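This report examines a pocket, a surface patch and several salt bridges in a molecular structure. Please consult the sequence and the model while reading.

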Amino acid sequence: MKVGKKLAFVFKILLVCAVSAGLAWSFNSLRPVPPITMQQSEIVEIDGVETLKIFDSNEAVFVDARSDTDFAMGHIPGAVNVPSWAIGIELDGLITSIPKDKMIVVYCDGLSCGKSNIVARKLRDKGFSDLAVYPDGLDGWLSLGRDLEGN
Amino acid sequence: MSIKSLPRIALGLVFIVACVGKIADPVAFGEIVKNYQILPDILVMPVAYFLPWLEFVCGALLVCGVMTETATALITAMLVLFIAVLSANLYRGIDVACGCFSTDVSFKSDMVMTIVRDVVLLVFAFLSFRFRKD
């Protein structure tokens, strides 16, 4: 490829990127209802100390966002399983036992797991307002020297 | 339309279909991007806004047969990036929703199948490049 052609190629790449960025910016700023930002949509995160305090005082319902198989192998004692892929009737069935007036703490494997936020968001959409995510998850729970319930 | 245009048009259509859900709900897509744990938080939302539109523009260029070389190069770069990110997460054992065709996290993700699909799309990109119009 000659220098002129290379430059033309780079220019075209930049042009396409610029057009895309322009479209993205104008479309999102012209929305009738601007989408809420990530910050606003974020759910409160709590650390290990706070989680233990909440658990020991029996203030909250713990929700396990992992799969049913993982849940069966071991979970925080008393936790309810709501896998991150659950939707529709299945999701409704899973959340019937969760009281809406209690605090909900959602967790999954640990820091490398993104399922807690997905489930927390679904629960928020279902009308649960007092939500928190325990990002350290089971890894954090075990490192605090706490036991699991299950097989 | 000759048969040589088919991979190009098919690839373009796939990218157009893939971007619709993400354009409609950039916040949900942002959450998926965040779950991949590749980008720093500050870049998550800009990428979630920009990437679907880049997919759309490249897809539209391919379907229309305009600047196909450029669009194919960008799509190839995106596919290579997706494959790298998916493989990295597969290696790290992070199982998150793919976010490839929608922002719906309702189904269990199958990363291996997603990687295979992206490789097939790469073949389409190669064919599209081979029979480019630029």
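How much space lies in the largest pocket? In this predicted model, the largest pocket holds about 610 Å³ of space. Its lining consists of 30 residues, and those closest to the centre are B:Phe29, B:Leu51, B:Leu81, B:Phe82 and B:Val85. Helices α1, α2, α3, α4 and α5 of chain B each give two or more residues to this lining, and α4(B) gives the most, with eight. By class, 25 of the lining residues are nonpolar, one is polar and four are charged.

A nonpolar patch of about 410 Å² lies on the surface and is made by A:Phe11, A:Leu15, A:Val19, A:Leu23 and B:Phe56. Helix α1 of chain A supplies its largest share, four residues. B:Phe56 belongs to helix α3 of chain B and counts as partly exposed because its relative accessibility is 30%.

Over all chains, the structure holds five salt bridges. Three of them are listed below.

| Salt bridge | N to O distance |
|---|---|
| A:Arg66 and A:Asp64 | 2.8 Å |
| A:Arg66 and A:Asp109 | 3.7 Å |
| B:Glu55 and B:Lys22 | 3.0 Å |

B:Glu55 lies in helix α3 and B:Lys22 in helix α1 of chain B, so this pair ties together parts that are 33 residues apart in sequence. Both B:Glu55 and B:Lys22 are buried.

In chain A, salt bridges link A:Asp64, A:Arg66 and A:Asp109 in a network. A:Arg66 counts as buried because its relative accessibility is 5%, whereas A:Asp109, at 30%, counts as partly exposed. A:Asp64 is also buried.

Definitions and conventions
Residues are numbered from 1 along each chain as its sequence is written. Chains are lettered from A and ligands numbered from 1 in the order in which they are written. This is a predicted model: local features need pLDDT of at least 70, side-chain atom pairs count only at pLDDT 80 or more; totals for chains, interfaces and linings use all residues. Side-chain values use heavy atoms; hydrogens and water are left out. On a 1 Å grid over the protein atoms alone, a cavity is a set of points where a 1.4 Å probe fits but cannot get out, and a pocket is an open set with protein on both sides within 12 Å along at least five of seven lines; lining residues have an atom within 4 Å of a point. Grid points are joined across faces, edges and corners, and a volume is the space filled by probe spheres set on the points. Ala, Val, Leu, Ile, Met, Phe, Trp, Tyr, Cys and Pro count as nonpolar, Asp, Glu, Lys and Arg as charged, and the others, Gly among them, as polar. Patches are made of residues with over 30% relative accessible area and no salt bridge: like charges are joined within 9 Å, nonpolar side chains (Val, Leu, Ile, Met, Phe, Trp, Tyr) within 5 Å. Accessible areas come from the Shrake-Rupley method with a 1.4 Å probe; for residues, only the protein chains shown count as cover. A salt bridge is a side-chain nitrogen of Lys or Arg within 4 Å of a carboxyl oxygen of Asp or Glu. Buried means under 20% relative accessible area, exposed over 50%, partly exposed in between (1.4 Å probe, protein chains only).
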